[in-house]
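Here are my notes after a pass through this one. Have the viewer open while you read, since the points hop between the chains.

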Amino acid sequence: MTEKKFDYYISGEKDKWEVIIGLEVHAQVLSQSKLFSSSSTKFGSEPNTQVSLVDSGFPGMLPVINQFCVEQSIKTGLGLKAKINLNSVFDRKNYFYADLPQGYQISQYKNPIVGEGEVILDMPYGIKKIGIERLHLEQDAGKSIHDMDPENSFVDLNRSGVALMEIVSKPDLRSPQEVNFYIKKLRSIMRYLGTCDGNMQEGSLRADVNVSVRKIGDKKFGTRCEIKNVNSIKFMEMAIEYEANRQVQLLESGKIIDQETRLFDTKKNSTRSMRSKEDAHDYRYFPDPDLLPLNLDKGLIDKLKKELPELPDQKKERFIKEHNLSSYEANILVSEKEISDYYEEVIKGCDKKLATNWITVELFAVLNKYNISITQSPISAKNLSSLIKMITSGKISGKIAKDVFEKMQSGDKDPKQIVEKEGLLQQSDPKELEKIIVTVISKNQDKVTQYKSGKEKLFGYFVGEVMKASKGKANPQLVNEILKKKLH
Amino acid sequence: MSKISELSLTKIVNGIKKKDFSSEEVTKSFIDNSKKSKKLNTYITECFDEALKFSKNFDKKKDYKGLLSGVPIAVKDLFCTKNVKTTAGSKILHNFIPTYESTVTSNLWSQGAFLLGKLNCDEFAMGSSNETSFFGNVKNPYGEKLVPGGSSGGSASALAAGLTPATIGTDTGGSIRQPASFTGTVGLKPTYGRCSRWGIVAFASSLDQAGPMTINVEDSALLLQAMSGYDSKDSTSVDKKVENYSSNLTDKIKGLKIGIPKEYRVDKMPTEIDDLWKKGIEYLKDAGAIIKNISLEHTMYALPAYYIVAPAEASSNLARYDGVKYGHRARGKNLIEMYENTRSEGFGNEVKRRILIGTYVLSSGYYDAYYLKAQKVRKLIKNDFDKAFKDVDAILTPSTPSSAFKIGDKSDDPVSMYLNDIFTVPVNLSGLPAISVPAGYDKNNLPLGLQLIGKAFDEQTILNLSLAIEKRANFKKNYKIWWS
């Protein structure tokens, strides 16, 4: 296999440009209740049904930290191989908006709970490490709804106060593809950890994308623009592509880039200015006096570290080493927690290489056909496992197995029952096979003569006839052996 | 004035228990006084009918288990009270009716007390004279033209005038102790974290603390005991056992060491304040205390630090009053204009001034020079106290640099108004407990108070010392009723 080379550059009229990208990912903490109140975080409920007095900023209401959310963010930090800060501080980020009931967001500014870490990407051109700058905990705001009434805006506070982890990367990403891989990897790590469901449609994962460009060879970063709140990987890729080209055009025509916040317009596939640096909010951060500094016990971190599940990188390594899988295969299997769970269920007591093939080829074809995820697979891991065991034990042939697999798809049927009911068990009795073979030979004497005179290709014809006569159940290996003897 | 309303809280509680009088009689007595007191302008909301009903019910049930069984109590209108309008003295909350009860008032009600009404205060507790209230200034029983102090001015005035047997206030920079001093009553600011802040309209979160306001020290101990306690809903409340302040109360203070900080002898302080302080020293000496001169060297920086920290927190705490969810809302062409109109109409001048100061000191580029520096000063002031408390058990100072001043005297000059808090503010910055106990009069026969500052969570010692002073000062209220 030839290794590809990294080749994402913007070719302007004059120069070739490198694209520098940094992401601020907002990942919703997977938790029953909000960061500072006991309201539910369930998605899709009726507006304003999951709102406490704290979430809606009533007079005299006070935040109380949700210990579970703290532990979730520590786990995520550990999953990012990051430094956990034993002392961190909650700050108030002050600004006015209708869906921000307190008039400030509780966030972490100077002292976040998690410091530097890294995410490893397995790019087609090799391993790439993306640095993590920090991870901090903060509250989500509510939602303003402007299209329900011609006169008024409505506010839904169900999201208000839900815990978010803001994961800030270093400006280490260099292409839309790397961003794609990075988000998928980050999402995968958090799903393995159970700290974020990564559901982008429901807004559980979204990102602010910082983009700048510089001429190849330049050391200094260019002026960056921040594209706010992009909520799908596809849109991130499109936004970066557009924004990088826009900046290159500006710079090549002698203009400068204004540091600004931009929005991605998904309909026009372009970004537009939201506010300039001069209009940037002064958030007047200061430590929230309603909350004590968050002091963590080292013992808690050690405990969480011990309880950490096996993460994709470790799993991949194990699959390669212990299961003899290729890096490519292992990558596919660990890319999502659910896939690796499925795989590990299938391989209980059966051939790992064969299982990998069946999952990544046959099963994935079915999943793709119906556009469903592995958790919705019409065939359970248990039944796929018994199918594979029947192949390896010689009970059915690979060909029959494909028919059985087809039949298993309606109602997750047990392959053993299908094979039994339809009499598909492989014929491996040499005497029985000999009978069939003798019949086939006697029916095709002309072909036997041709074969014997040198047309050895006809061997395949005989095999096919035997298989046909046995309705595909004959053990192909035995058929080969007996045929060879009989034809000589 | 009827007789029952002349009695102390403790005597009323005992009287009800011994069936000397019924809860209804007590309640009627205070309602009668209250109804005749319109000129004092102490009440924002009266709950007289409900209180009477409660007292009648109480007399039927006869449950005397609580520390405050059968006692009606009016409270500062900063405490959220379920289904009873809570305004914080502001137009922006003039129509706000909470669906919840503050922890501190809940604690009182679970000890058998019930709500008599909501008392006037400076808007969002920002003021030292009760002149910033949207509901008009409160008057001091000691003179129609005098302020009662602030911000718990309505509470102090109502208490001194016999409209409620006791009351509770909040103290961010002296808002309990200064009005207590101006009205000849006892006001205690507990250690920060002793009482829950949950359900109290916030002014400056790191300084606010609720406390008892009573006519004598014995009542102060009782009420403190009833209102205190850990609350898991307030992350800054401290999980520490509440002492039995009442039964531990004693004036036997022999051998206690009392610090006299030289920095509290400020310029232009009236000699009568100095004389009062000397008298206080004599009282304590007489009771067997040992007097020590101490130094709290950063005292002079306390007031400027306070007027950075408190407005900074207030500017953020008051952001929620935006017309979106509750309270006053003005119309506007768009969201921003609605905010501007709502807040312009809803807040008074002093509140606006502090929001502006607070916004300024937190602005990027000024944060380090103001807010951060003020926090460092705060630490130094705390260190001064920590150092002093290695040598002494409590510190004695005057409560205020003057007696009650005239309405309008300082309202145009915020700095001279702020100077009123000069002795009380360092205590809030340090989170320590302090009490103001009436100890004498000035040349115009106006009450003056002495302040005792204690170690953190050592409310008992300052209560005991106050009792010793109270017994010797023999303070008696000496105003003539002019309002009914």
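The numbered points below start with overall dimensions and then go into particular elements.

1. First, a reminder that this is a predicted model. Chain A has 15 helices and 16 strands. Its radius of gyration is 30 Å, whereas the globule rule gives 23 Å for 488 residues, so chain A is more spread out than a compact globule. The C-alpha trace of chain A covers about 95 × 60 × 55 Å along its principal axes.

2. Sticking with chain A, 39% of its 488 residues count as buried. If you take contacts between residues at least 6 apart in sequence, 68% of those in chain A join residues at least 24 apart.

3. Helix H10 of chain A (residues 398-408) is worth a look down its axis. Its buried residues are Ile400(A), Ala401(A), Val404(A), Phe405(A) and Met408(A). They fall within an arc of 145°, so they line one face of the helix. The spacing makes sense: an α-helix has 3.6 residues a turn, so residues three or four places apart point the same way. What do the buried residues of H10(A) pack against? The partners are helices H8 (352-370), H9 (381-392) and H11 (415-421) of chain A.

4. On the contact between the chains, chain A puts in 23 residues and chain B 32 residues. The chain A side breaks down into 13 nonpolar, six polar and four charged residues.

5. Over in chain B, there is an open sheet of three strands, ordered S1-S3-S2, with mixed pairing. S1 (43-46) and S2 (72-76) of chain B are the edge strands; each has a single partner strand, so one side of each has no neighbour in the sheet. From one strand to the next, the twist averages 35°. S1(B) pairs with S3(B) (residues 114-119) in the antiparallel sense through three bridges, and Glu46(B) sits opposite Gly117(B) of S3(B). Helix H2 of chain B (residues 23-35) lies across S1, S2 and S3 of chain B, at about 45° to S2(B).

6. Strand S11 of chain B (residues 447-454) is mostly covered, with eight of its eight residues buried. In a regular strand the side chains alternate between the two faces of the sheet. Here Pro447(B), Gly449(B), Gln451(B) and Ile453(B) point one way, while Leu448(B), Leu450(B), Leu452(B) and Gly454(B) point the other way. S11(B) pairs antiparallel with S9(B) (residues 394-398) over five bridges, where Thr397(B) has Gln451(B) as its bridge partner. Seven bridges link S11(B) to S10(B) (residues 434-441), also antiparallel, and there Ile435(B) partners Leu452(B).

7. Now the backbone oddities to check by eye. The hairpin of S10(B) and S11(B) has five residues between the strands, and Asn445(B) in it has a positive phi near 65°. Asn41(B) has phi near 55° and belongs to the loop between H2 and S1 of chain B. Asn474(B), with phi near 50°, comes in the segment after helix H15 (459-473) of chain B. Which of these two settings is buried and which exposed? Asn41(B) has 20 other C-beta atoms within 10 Å, so Asn41(B) is buried; Asn474(B) has 8 C-beta neighbours inside 10 Å, so Asn474(B) counts as exposed.

8. Last, the peptide bond joining Gly150(B) and Ser151(B) is cis, with omega about 5°. Ser151(B) is in the loop between S3 and helix H5 (153-160) of chain B.

Notes
Residues are numbered from 1 along each chain as its sequence is written. Chains are lettered from A and ligands numbered from 1 in the order in which they are written. This is a predicted model: local features need pLDDT of at least 70, side-chain atom pairs count only at pLDDT 80 or more; totals for chains, interfaces and linings use all residues. Two strands pair if DSSP finds at least two bridges between them. Helices (H or I, at least four residues) and strands (E, at least two) are DSSP runs, numbered from the N terminus. Axes are lines fitted to C-alpha atoms, for helices over the stretch in contact, and angles run from 0 to 180 degrees between N-to-C directions. Two residues are in contact if their C-beta atoms, placed from the backbone, lie within 7 Å. Ala, Val, Leu, Ile, Met, Phe, Trp, Tyr, Cys and Pro count as nonpolar, Asp, Glu, Lys and Arg as charged, and the others, Gly among them, as polar. The radius of gyration is taken over C-alpha atoms; the globule rule is 2.2 Å times the number of residues to the power 0.38. A residue is buried if 20 or more other C-beta atoms lie within 10 Å of its own, exposed if 12 or fewer, and partly exposed in between; C-beta atoms are placed from the backbone. The arc is that of the directions from the helix axis to the C-beta atoms.
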